[in-house]
Amino acid sequence: MRFLLIALLTLFFMPPVQAAEFDIYQSGFKPLHLAWMVAAPTDESDAKQLIHDVVRHDLNSSRSFSTLDPLSFLDNIEGTLKHVEYADWRIIGADILAVCQLKRSGKRLQAQVQVYDPFRSKLLSRFQLTAAPKSERTLAHAIANRIYQTATGIPGYFNSHILYVRKHGDLADLIYMDQDGANKQTVGRNFTLLLSPDWSPNNQRVALNTYVGDRPRLEIFDLATGRRRTFGAFKGLNSTPEWSPDGHFIAAALSYTGNTEIHLYNTRTKKWRQLTHNPAIDTTPTWSPDGKWIAFTSDRNGTPQIYRIRISDGEVQRVTHSGSYNTSPSWSPRGDRIALIARKSWEYALATVRADGGDLRYLVTTGHIESPSWSPNGQMLLFSREVKGVRRVYRIPSWGGRMEAITGPGKDASDPAWSH
Amino acid sequence: MNYKKYSMAGMAAILCTGLLFAGCAKKEVAMTSSNGSQQQMSTSGNGTSASTSGVNSSGGVNGEAASSHSVYFAFDSSALDTAAQSILNANAAWLKANPGKRIAIEGNCDERGSREYNLALGQRRADSVRTYLVKQGVDANRIDTVSFGEERPVCKGTGEACWAQNRRADIVTR
């Protein structure tokens with residue numbers, strides 16, 4: 001028995017296998033300690049619990065916050081609503097104090113929120129939000145957004161959504177869910193291969209790559225109606241669509257010229273034009289948020305690397321210089337960095353690099369990592385990771401740290417796409 | 001007349017991977033190219049029994065099918081080695097003898113690397129085969145190409161023996 005215990009303990013405490021190939025980026029980032037309290041009339045205890053839990057989960061999962069255990073609080077919410085004793089919050093190390101009062105007006109739940117900085121003895125913001133009937137999760141996400149923005153200066157992303165692909169046998173479904181995994185639903189069923197879904201800037205449509213009759217095509221999928229429209233079905237490859245930030249174009253990789261090149265589809269005139277001209281593979285376009293550049297993968301110097309092309313004059317610059325296999329660029333919505341997948345011998349890593357090619361950071365390794373996708377505020381990254389034949393979608397802060405699976409181990413999940 | 005699809009081809013490839021591959025492929029080609037079509041018809045028949053190549057070749061109405069319809073590639077490469085060229089020569093001969101037939105070349109990759117980049121790599125493999133066949137005199141308009149990237153592996157495991165089978169282009173009639 002003792003041996004078994006020791007064996008078990010050894011298993012648990014074995015350090016994770018060290019990545020031989022990649023130096024994982026170590027950030028000095030520390031989350032803000034948050035004290036979070038909700039008050040509500042006694043007959044609203046369910047709503048109170050829901051708002052409390054959803055906001056706490058949102059802010060903790062962002063890794064920008066770490067909520068403090070309410071057992072450590074020296075003051076209760078009733079007292080705090082009347083008077084904030086800043087010293088009591090400083091003692092327990094609360095960087096941010098957020099208090100919320102709920103009340104019902106008709107069918108609508110109303111939240112009155114104050115956010116304080118105990119170390120500066122200061123009210124940072126006060127706001128009131130009202131939920132549409134039966135949208136209490138949405139209200140909670142909106143509260144989390146405001147607390148997040150007040151404390152960090154960066155907009156929150158908690159009302160955003162995630163699409164991913166689930167393969168079953170030879171077919172694939174398109175799955176939709178809230179960013180916290182709630183409200184999960186299958187919005188497209190039984191595609192024959194489904195790759196590279198990408199949200200339109202207004203989040204109403206999805207560009208995707210599927211196969212019909214064993215031929216690849218590009219389609220726009222309307223999320224509200226389920227309607228599908230083909231916009232690219234050339235000879236050869238039709239792949240990797242990505243909307244421009246203004247929604248005017250969709251960039252994609254086509255091979256009808258005899259070689260895979262980036263092309264631009266004008267969503268208004270419905271005409272295509274060729275953007276890259278190089279005998280190498282050029283694929284996986286991703287737009288800079290100002291719409292002036294496209295980063296892409298090319299093997300024009302022998303191995304796949306990330307390049308970027310200026311759309312106005314076709315000027316091409318190489319972005320990645322380290323490692324022999326860098327693919328799948330995804331340009332951050334903040335514009336400063338590009339996420340990518342690096343492969344060195346047997347290992348993969350999710351990495352980010354400055355848009356000018358500097359400061360390459362490997363964030364996570366082990367497993368077959370693919371398809372990085374940024375949160376709309378550029379603070380988090382989704383990716384898929386396959387370990388022992390099981391693919392799941394994971395999330396990690398853009399500054400690195402611990403990855404967290406957001407899909408279960410039982411069902412396949414790949415090609416995550418975060419809404420705008 | 002479909003010599004489509006490959007459970008048998010996969011098994012053949014298992015036998016033929018690595019060092020064995022080149023010799024194995026050459027042997028088949030010698031068999032097809034040195035002899036007339038009728039000979040080949042009678043030996044590998046209508047495909048009910050596996051030939052040495054293992055390809056379930058369905059024989060044909062006019063002339064024989066080449067005994068292998070798959071060529072294999074090195075990692076991140078679309079270059080055709082001599083074994084691949086021999087197989088394609090046999091296929092080109094069959095195509096020229098059967099001018100009514102149309103084919104598709106399906107490019108595939110192993111699971112390593114990015115799925116999206118592999119789509120383009122599979123296409124380049126298919127295009128490379130197409131270009132070769134056209135150089136051998138096959139009408140380009142009879143040849144369609146498609147890439148499945150790493151989405152349709154013949155061998156679902158990992159390791160080089162498996163990956164070698166998945167880095168391939170298949171010639172199928174459509």
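Start with helix H4 of chain B, residues 82–97, in this predicted model. H4(B) lies across three strands of chain B: E1, E2 and E4, the last of which spans 168–173. Compare its direction with that of E1(B): H4(B) runs at about 155 degrees to E1(B).

Next, select the strands themselves. They form an open sheet of 4 strands in chain B, in the order E1-E4-E2-E3, and the pairing is mixed. Strand E1 (70–72) and E3 of chain B are the edge strands, each pairing on one side only. From one strand to the next, the twist averages 20 degrees.

Now keep E2(B), residues 103–108, together with E3(B). These two strands run parallel and are joined by 6 bridges. For one pair of partners, pick Ile105(B): its bridge partner in E3(B) is Thr145(B).

Add helix H5 of chain B, residues 115–135. H5(B) packs on the sheet and touches E1, E2, E3 and E4 of chain B. Its direction makes about 155 degrees with that of E3(B).

Finally, show chain A alongside chain B. The contact takes 25 residues from chain A and 15 residues from chain B. On the side of chain B that touches chain A, H5 (115–135) and strand E3 (143–149) of chain B each supply at least two residues. H5(B) provides the largest share of that side, 9 residues. Colour the residues of this side of chain B by type: they divide into 5 nonpolar, 5 polar and 5 charged.

Conventions
Residues numbered from 1 in each chain as written. Chains lettered and ligands numbered in written order. Predicted model: local features only at pLDDT ≥ 70, side-chain atom pairs only at ≥ 80, totals over all residues. Contact = placed C-beta atoms within 7 Å. Nonpolar A, V, L, I, M, F, W, Y, C, P; charged D, E, K, R; others polar. Pairing = 2+ DSSP bridges. Axes fitted to C-alpha atoms, helices over the stretch in contact; angles between N-to-C directions.
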